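Here are my comments on the model you sent round, set out as numbered points. Please read them with the structure open beside you.

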Amino acid sequence: ANLTPSQAIGKEIFDGKGMCYTCHKPDVKVIGPSVRDIAKIYKEKNGDMVAFLKEKADPIVDPSQYSVMKTNFSITKNLSDEELKGLQDYFMSHLN
């Protein structure tokens with residue numbers, strides 16, 4: 001897939017230091033919801049994924065899993081705005 005520069009940053013974070021891949025897979029729910037499900041719900045509800053990853057917005061995909069996700073904010077809160085925007089763009093690229 002031809003990723004935009006922002007999506008490419010997001011993929012790098014997802015597969016690397018963000019450790020997102022340990023709980024999220026593209027199409028299947030493992031520990032956390034799938035990337036596609038997350039993207040779909042954020043699009044439908046016009047959610048702000050960046051704010052969520054900064055721990056400034058409530059969970060809208062699967063609130064029951066929020067306690068599991070909370071331990072990961074120590075990683076995501078240290079990412080730059082550019083990196084967080086990239087993650088959001090990368091997630092949204094799965095809707096195509």
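1. How do the residues of the lining of the largest pocket divide into nonpolar, polar and charged? In this predicted model, 18 of the lining residues are nonpolar, seven are polar and one is charged.

2. The lining of this largest pocket comprises 26 residues, and the space within the pocket comes to about 420 Å³. Nearest the centre of the pocket lie His24, Ile38, Phe52, Leu53 and Met69, and these would be a sensible place to begin an inspection. As for secondary structure, at least two lining residues are supplied by each of helix 2 (35-44), helix 3 (49-53), helix 4 (66-70) and helix 6 (81-92).

3. Met69, one of the residues nearest the centre of the largest pocket, belongs to helix 4. With a relative accessibility of 17%, Met69 counts as buried, because the cut-off for that class is under 20%. Once neighbours within four places in sequence are set aside, Met69 is in contact with Phe52 and Leu53, two residues that are likewise listed among those nearest the pocket centre. Leu3, by comparison, is separated from Met69 by 66 residues in sequence and by 26 Å in space, taken from C-alpha to C-alpha.

4. Helix 6, which also contributes to the pocket lining, consists of 12 residues and spans 16 Å between its first and last C-alpha, close to the 16 Å expected at 1.5 Å a residue. The buried residues of helix 6 are Glu83, Leu84, Gly86, Leu87, Gln88, Asp89, Tyr90 and Phe91, so that Glu83 and Asp89, which count as charged by residue type, appear in that buried set. The partners against which these buried residues pack are helix 1 (5-15), helix 2, helix 3 and helix 5 (73-76); of these, helix 2 and helix 3 each supply at least two residues of the pocket lining as well.

5. Where disulfides are concerned, a search of the whole structure finds zero. Cys20 takes part in none, the nearest cysteine sulfur being that of Cys23, at 9.1 Å. Why is Cys23 not bonded to Cys20? The sulfur of Cys23 has its closest cysteine sulfur in Cys20, and the 9.1 Å between them is too far for a bond, because a disulfide requires the two sulfur atoms to lie within 2.5 Å.

6. On the accessibility of these two cysteines, Cys20 has a relative accessibility of 13% and therefore counts as buried, and Cys23, at 15%, also counts as buried.

How values were computed:
Residues are numbered from 1 along each chain as its sequence is written. This is a predicted model: local features need pLDDT of at least 70, side-chain atom pairs count only at pLDDT 80 or more; totals for chains, interfaces and linings use all residues. Side-chain values use heavy atoms; hydrogens and water are left out. On a 1 Å grid over the protein atoms alone, a cavity is a set of points where a 1.4 Å probe fits but cannot get out, and a pocket is an open set with protein on both sides within 12 Å along at least five of seven lines; lining residues have an atom within 4 Å of a point. Grid points are joined across faces, edges and corners, and a volume is the space filled by probe spheres set on the points. Helices (H or I, at least four residues) and strands (E, at least two) are DSSP runs, numbered from the N terminus. The expected span of a helix is 1.5 Å times one less than its number of residues. Buried means under 20% relative accessible area, exposed over 50%, partly exposed in between (1.4 Å probe, protein chains only). Contact means heavy atoms within 4.5 Å.
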